[in-house]
Amino acid sequence: MSFDPTVLHVVGARPNFMKVAPVLRALRRRAFGRQVLVHTGQHYDDAMSSVFFDDLDLPDPDVHLGVGSASHARQTADVLRAIEPVLEAYAPDLVMVVGDVNSTLAAALAAAKLNRPVAHLEAGLRSGDRTMPEEINRLLTDQLAELLLTPSRDADRNLEREGVPPDRIHFVGNVMIDSLERVLPKVRSAEGLEALGVADGEYAAVTLHRPSNVDDARQLADIFQALDEIAAEVPVLFPMHPRTRARAAEFGLTLDAVRVMEPVGYETMLILQAHAAVVLTDSGGMQEETTVLGVPCLTLRENTERPVTITEGTNRLVPRRTPEAIVSAFRAARTDGRNPRRPERWDGRAAERVADAIEKWAERRGVRRGAAHV
Ligand code: UD1
């Protein structure tokens, strides 16, 4: 019997693109059903979105919702409203949402209300911190999903603790690493580093955008002071997220010695990470990428939803973000050296496991060409 379901994949913001790309490729390689790609437009700049489509070889979206930036309620509501008619028109057998951004929750909610089954890729991650908008998105999306695709064993345990039936949980591994694997030889060669004007192992790379760091004037001032102090020891490269740029301007904060850049594309960000002495970040994905690249990572947060990057990887939390604490954490991390690590199933084959799980789910559900929705 041939199965031919429609899978509708939703992307919205920068960290979604590298997760969806390998899954789309794996399903297309198997000629599994029809794949529809919907971009909500939560991120819309070339530097935050288009460049990733090129770098990751993503097909153009079939539908672009053009939602853009707004408050949390409004942005979530805008996606809800805009995606409902798309779900009605395509009548997908499965709606695939990824990660923890506002678009993820909104798409999952709209789909669930229309009785469209939802798969959540990167399910089960928990920081335990409900002041993070992403934590709310994770908790609610996992409640709505029928297929929970997890990157690590701790995620399985979190879901079981929350009462998710074990047969819905599939430990597929980390699809981010599938995307990384494709470009790893290029990223590891120091080619491209010269263009950035730095030498291998002799600079720090920084990204920041979390509200807890950048929306608070005092906190952002402390971090900027630390970065300027670090820049007296090594060059510091800082591709700045538009949110951070806007807040810094609002608070009248500047960086004197740090090289502030526009946001960079996928490959350039990996090159910057792979050859840094230390990465300082509040990104989720970069905690994972630095673990596989073996580069010391300082996460400027009180918690992480990705504990394996600490227990098995190169990540350390810097919970007190005073200038002194950040600078001394940097000095300590600098002596760590490179130590590439691969947590279980971070092997570049996670998307194949996702495709396996979807195929099995479709068979179980009896989803096939022309079949009425179950
Ligand atoms: C969002 C996600 C976060 C993810 C991050 C990666 C939520 C709640 N947060 O945070 O989980 O780690 O993306 O970047 O979904 N802006 C632009 N151009 C763009 C996109 C954003 O200028 O292409 C500016 C806007 O001024 C906007 C601000 O950035 O107000 C914030 O964008 P938004 O999507 O609301 O959240 P992020 O902080 O990017």
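These legends accompany a set of close-up views of one predicted model.

**View 1. Two domains side by side.** Let's begin with the broad layout before zooming in. The domain assignment splits the chain into domain 1, made of residues 6–173 + 346–365, and domain 2, covering 185–336. In their contact, 22 residues come from domain 1 and 19 residues from domain 2. Measuring from centre to centre on the C-alpha atoms, domain 1 and domain 2 are 27 Å apart. Interface size is often expressed as the accessible area that is lost when the parts come together. Here domain 1 and domain 2 bury about 1,700 Å² between them, and 60% of that area is on carbon and sulfur atoms.

**View 2. Polar and charged links between the domains.** What holds charges together across this boundary? Three salt bridges are counted between domain 1 and domain 2. There are also six residue pairs in polar contact between domain 1 and domain 2, with both residues at pLDDT 80 or more. On the domain 1 side that touches domain 2, α1 (14–29), α2 (46–55) and α5 (133–144) each supply at least two residues. The biggest share of that side comes from α2, with five residues. Sorted by class, the domain 1 side holds nine nonpolar, three polar and ten charged residues. For a salt bridge to look for in the model, find the side chains of R210 and E134, which meet at 2.6 Å, N to O.

**View 3. H275 and its neighbours.** Is H275 buried or exposed? H275 counts as buried, because its relative accessibility is 3%. The residue sits in the loop between α12 (266–274) and β11 (278–281). Setting aside residues up to four places away in sequence, H275 touches V187, R188, S189, A190, L193, A199, D200, G201, E202, Y203 and R338.

**View 4. M261 in strand β10.** Here the focus moves to M261, which lies in strand β10 (residues 259–261). M261 is buried, with a relative accessible area of 15%. Which residues touch M261, leaving aside neighbours within four places in sequence? The contacts are with L196, L237, F238, P239, M240 and R245. For M240, the C-alpha atom is separated from that of M261 by 6.0 Å, although the two are 21 residues apart along the chain.

**View 5. A salt bridge between R182 and D57.** The whole structure contains 30 salt bridges, and this view shows one of them: R182 pairs with D57, with the closest N and O atoms 3.9 Å apart. R182 belongs to helix α7 (residues 175–188) and D57 to the loop between α2 and β3 (63–64), so the pair ties together parts that are 125 residues apart in sequence. R182 is partly exposed at 46% relative accessible area, whereas D57 is exposed at 54%.

**View 6. A salt bridge between R365 and E146.** In this pair, the closest N and O atoms of R365 and E146 are 2.9 Å apart. Because R365 lies in helix α16 (residues 350–365) and E146 in the loop between α5 and β6 (147–150), the salt bridge ties together parts 219 residues apart in sequence. Both ends count as partly exposed: R365 has a relative accessible area of 22%, and E146 is at 23%.

**View 7. A salt bridge between R153 and E344, and a shared network.** How far apart are the closest N and O atoms of R153 and E344? In this salt bridge they are 2.7 Å apart. R153 is in helix α6 (residues 153–161) and E344 in the loop between α15 (323–334) and α16, so the pair joins parts that are 191 residues apart in sequence. R153 is partly exposed at 39%, and E344 is partly exposed at 40%. Elsewhere, salt bridges that share partners link K19, D100, E122, E135, R138, E288, R301, E305 and R306 into one network.

**View 8. Two residues with positive phi.** Most residues other than glycine have a negative phi. N115, which is not a glycine, has a positive phi of about 60°, and E122 has a positive phi near 80°. N115 is in the loop between α4 (102–113) and β5 (118–121), while E122 is in the loop between β5 and α5. N115 counts as exposed at 59% relative accessibility; E122, by contrast, counts as buried at 8%.

Conventions:
Residues numbered from 1 in each chain as written. Predicted model: local features only at pLDDT ≥ 70, side-chain atom pairs only at ≥ 80, totals over all residues. Heavy atoms only, no water. Helix = DSSP H or I, 4+ residues; strand = E, 2+ residues; numbered from the N terminus. Buried < 20%, exposed > 50% of the residue type's maximum accessible area, 1.4 Å probe, protein only. Contact = heavy atoms within 4.5 Å. Domains from an automatic or database assignment. Buried area = accessible area lost by both parts, 1.4 Å probe. Salt bridge = Lys/Arg side-chain N within 4 Å of Asp/Glu carboxyl O. Polar contact = N/O pair within 3.5 Å; in protein donor to acceptor, adjacent residues only side chain to side chain. Nonpolar A, V, L, I, M, F, W, Y, C, P; charged D, E, K, R; others polar.
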